[in-house]
Amino acid sequence: MTARLIDGKAVAAAERQKCRERVEALKREQGVTPGLAVIMVGSNPASAVYVRNKMRACEDVGIRSERFLLPETSTEDDVIRLIERLKADPDVDGILVQLPLPKHYNIERVLGTIPAEKDVDGFHLYNVGGLVVGGTVFPPCTPYGVMRLLEHEGISVIGRNAVVVGASNIVGKPMALMLMQHEATVSVCHAKTRDLAQYTVLADILVVAAGCPNLITGPMVRKDAVVIDVGINRLPSGELVGDCDFEGVSKRASFITPVPGGVGPMTVTMLLVNTINSAARSAAARDAAGASKSLLGAV
Ligand code: NAD
């Protein structure tokens, strides 16, 4: 194996230590404890695990989190009413709706109800649009985590060929936009791309988020490329693997993320970062409003 392993667990642990310190400082200096509300509809077992992990991560760094579990029979309007209530709650800095929602829901309508300034998942149209024109309040957590990993490893993306395999709204598209924002030359591939390898071999930085085990093999990767494997797939044997043939790809790449232990731990960590940023921003806005009130009083 020639590739250097990017240890997402270690980077996430260091980021979480910084989160802990920021939460402590917010409590001490401004009397604020960041709060996250997590909404889950139905009882999808995978979603329940994700929600539990997110709440544990919050607890680990001192963020208050509350889970709102709605039965499968809840309507879209029930969820929207709950979001409206949380929107008005000053103790809630972040609102997250665990996906997937029941099939008959209009996901855009539900996610669009979360105000951009509490949309810590970064799925609101305003936040997505901000990735194109600038001004995103919260970057979506998985691609944000990938950018943080690259930064941590000292890997510059400026002027480099970046290829993103996967074009979903939550991973592939925002990933491509973030890489473009950082001045990479970006190609995006998806299930309808013909001859995937002709793109992947050009990549200095290859980000794979397709959900297909062994999609990327060694010969598809340029010598010394940086390979970020976002995929998480459970094989019939129970083993968890990414989208790359790890053995083959790591013989050609200069850097590679393992699965598990690569991008996964960063996704949850960036949710913590977004929630803390939200609390800090609200506290600063409250302070500014207080200061201008007292100035008016003095006039
Ligand atoms: P998705 O199913 O919404 O999108 C998959 C994308 O991959 C689509 O654009 C599709 O066109 C493309 N694709 C599928 N098969 C392909 C193929 N053979 N060749 C090229 N492109 C192909 O999935 P998603 O939500 O974007 O997630 C992608 C993967 O990343 C999944 O394995 C998911 O579990 C994983 N994931 C990991 C994290 C993390 O924190 N590590 C977070 C989110 C998603």
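This passage describes two sheets and the helices that pack in a predicted model. Local features were considered at a pLDDT of at least 70 and side-chain atom pairs at pLDDT 80 or more, whereas totals for chains, interfaces and linings use all residues. Residues are numbered from 1 along each chain as its sequence is written, and side-chain values use heavy atoms, with hydrogens and water left out.

Helices (DSSP runs of H or I, at least four residues) and strands (runs of E, at least two) are numbered from the N terminus. Two strands are said to pair if DSSP finds at least two bridges between them. Strands of a sheet pair through backbone hydrogen bonds, either parallel or antiparallel.

One open sheet has 3 strands in the order S3-S2-S4, and its pairing is parallel. Strand S3 (64-70) and strand S4 (94-97) each have a single partner strand, so one side of each edge strand is left without a neighbour in the sheet. Direction ignored, neighbouring strands of this sheet are turned by 15° against each other on average. Between strand S2 (residues 35-41) and S4, the parallel pairing extends over 4 bridges, and Leu 36 stands opposite Gly 94 in S4. Helix H2 (residues 45-61) packs on this sheet and touches S2, S3 and S4, where contact means heavy atoms within 4.5 Å. The direction of H2 makes about 170° with that of S2; such angles run from 0 to 180 degrees between N-to-C directions, and axes are lines fitted to C-alpha atoms, for helices over the stretch in contact.

A further open sheet, also with parallel pairing, has 6 strands in the order S1-S11-S8-S7-S5-S6. Strand S1 (4-5) and strand S6 (185-189) form its edges, each pairing on one side only. Strand S5 (residues 161-165) is joined to S6 in the parallel sense over 5 bridges, with Val 165 opposite Cys 189 in S6. Helix H7 lies across S5, S6 and strand S7 (205-208) and runs at about 170° to S5.

Helix H7 (residues 172-181) also packs against helix H6 (residues 141-152), at an angle of about 40° and with the axes 9 Å apart. The two helices are therefore oblique to each other, a class left over when angles under 35 degrees count as roughly parallel, over 145 as roughly antiparallel and 65 to 115 as roughly perpendicular. The contact involves Pro 143, Tyr 144, Val 146, Met 147 and Leu 150 of H6, together with Pro 174, Met 175, Met 178 and Leu 179 of H7.
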